[in-house]
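Me: I'd like a close look at one part of this protein, and I'm new to all this. Could you pick a spot and explain what sits around it, with the terms spelled out as you go?

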Amino acid sequence: MKNSKLIAIAFFLLVLVSSCKQHQEARRPISQTSGTFMKKSIARNKKLIAGEEGQIDAVIRRNPKVKFIASTKGYWYSYSLKNEKDTLTPKKGDVAFFDYEIKDLKGNIIYSEIELRPQVYYIDKQNIMMGLRDGIKLMHKKEKVNFLFNSHMGYGYHGDNKKIGANQPLLCIVTLRDFMPEAAYKKQNAVQPAAAPVVKPEVATETKSKDTITQ
């Protein structure tokens with residue numbers, strides 16, 4: 001009787017060890033496949049980024065008289081109209097009023113300014129293009145800036161499901177008309193609910209760039 005119990009226990013342990021070993025061996029190919037997929041994915045992304053950087057670099061080289069500035073986020077920008085008087089820029093808690101148009105890197109219009117206006121943006125509180133989200137915070141009132149965005153700062157691998165394709169770098173031309181604290185904007189709209197945001201007349205020292213981006 002005791003021998004029968006010992007045999008049963010030994011058989012159970014043997015089955016348990018065998019099952020664990022099979023389970024571990026079955027997981028190995030998944031891990032290997034995952035690692036290979038990740039390496040290929042990284043390689044594809046590097047190739048994609050290099051290709052887009054090449055396209056943007058070509059635009060910059062075709063416009064040697066235009067001063068392009070490299071941002072810390074990996075995109076480039078230049079001024080068509082610069083306000084050298086003001087020092088304030090939009091920040092979280094402000095509402096920005098701007099116009100912009102979107103072009104491809106050959107200069108073809110994808111969305112015109114008329115199609116996209118008006119733009120009222122609560123800084124860092126609304127879901128807009130990543131590049132615009134960052135770029136607007138670099139601008140002063142009345143400035144007009146040309147942004148060269150790679151697809152990562154634009155609409156990424158899926159595009160906008162309309163006119164902007166997958167992995168498409170973009171040229172966005174942005175004019176920041178005004179910005180104000182959110183509380184002031186809400187108070188203004190409470191008094192004049194149907195009126196557009198009031199922009200006070202200003203005398204700003206502005207310098208216009210004589211150079212335009214040519215394609």
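Reply: Let's start with a charge over a ring: Lys141 lies over the face of Phe179, at 5.4 Å from the ring centre. For that label, NZ of Lys or CZ of Arg has to be within 6 Å of the ring centre and within 35 degrees of the ring normal. Lys82 does something similar with Tyr79, sitting over the ring's face at 4.8 Å from the centre.

Before going further, some ground rules. This is a predicted model, where local features need pLDDT of at least 70 and side-chain atom pairs count only at pLDDT 80 or more, while totals for chains, interfaces and linings use all residues. Residues are numbered from 1 along each chain as its sequence is written, and side-chain values use heavy atoms, with hydrogens and water left out.

Right after Lys141 in the numbering comes Lys142, placed in the loop between helix H3 (130–135) and strand E6 (144–149). (Helices are DSSP runs of H or I with at least four residues, strands are runs of E with at least two, and both are numbered from the N terminus.) Lys142 has a positive phi of about 70°, although it is not a glycine. Most residues other than glycine have a negative phi, and most peptide bonds are trans. Lys142 counts as partly exposed because its relative accessibility is 25%: buried means under 20% relative accessible area, exposed means over 50%, and partly exposed is in between (with a 1.4 Å probe, protein chains only).

Now to E6, our main stop. Five of its six residues are buried, so it is mostly covered. E6 also has a strand partner on each of two counts. With strand E2 (residues 76–83), E6 pairs in the antiparallel sense over five bridges, and Lys144 in E6 is the bridge partner of Leu81. With strand E7 (residues 170–181), E6 pairs in the antiparallel sense too, over six bridges. To be called a pair, two strands need at least two bridges found by DSSP. Across from E6, Phe147 stands opposite Cys172 in E7, and Phe149 has Leu170 of E7 as its bridge partner.

E7 is mostly covered as well, with 10 of its 12 residues buried. It has another antiparallel partner in strand E3 (94–103), over 10 bridges; there, Glu101 stands opposite Ile173 in E7.

What do those covered strands contribute to? The largest nonpolar core has 26 residues, and Ile102, Phe147, Phe149, Cys172 and Val174 have the most contacts inside it. E2, E3, strand E4 (109–111), E6 and E7 each supply at least two of its residues, and E7 gives the largest share, five residues. A nonpolar core here is a set of buried Ala, Val, Leu, Ile, Met, Phe, Trp, Tyr and Cys residues joined through side-chain atoms within 4.5 Å. In soluble globular proteins, nonpolar side chains tend to be buried together.

Zoom in on Phe149. Skipping its neighbours within four places in sequence, Phe149 is in contact with Ile56, Tyr75, Met129, Gly131, Leu132, Pro169, Leu170 and Cys172. Contact just means heavy atoms within 4.5 Å. There is also a second, separate core of 10 residues, including Ile60, Phe68, Leu105 and Ile213.

The rings tell a story of their own. Ring pairs link Phe147 and Phe149 with Tyr75, Tyr77 and Tyr79 into a cluster. Rings of Phe, Tyr and Trp (its six-membered ring) pair if their centres lie within 6.5 Å; planes under 30 degrees apart count as stacked, over 60 as edge-to-face, and the rest as tilted. By this rule there are nine aromatic pairs. One of them is Tyr75 with Tyr77, a tilted pair at 6.4 Å centre to centre and 50° between the planes. Both Tyr75 and Tyr77 are buried.

To step back, the protein has four helices and eight strands. Among contacts between residues at least 6 apart in sequence, 71% join residues at least 24 apart. Of the 215 residues, 34% are buried.
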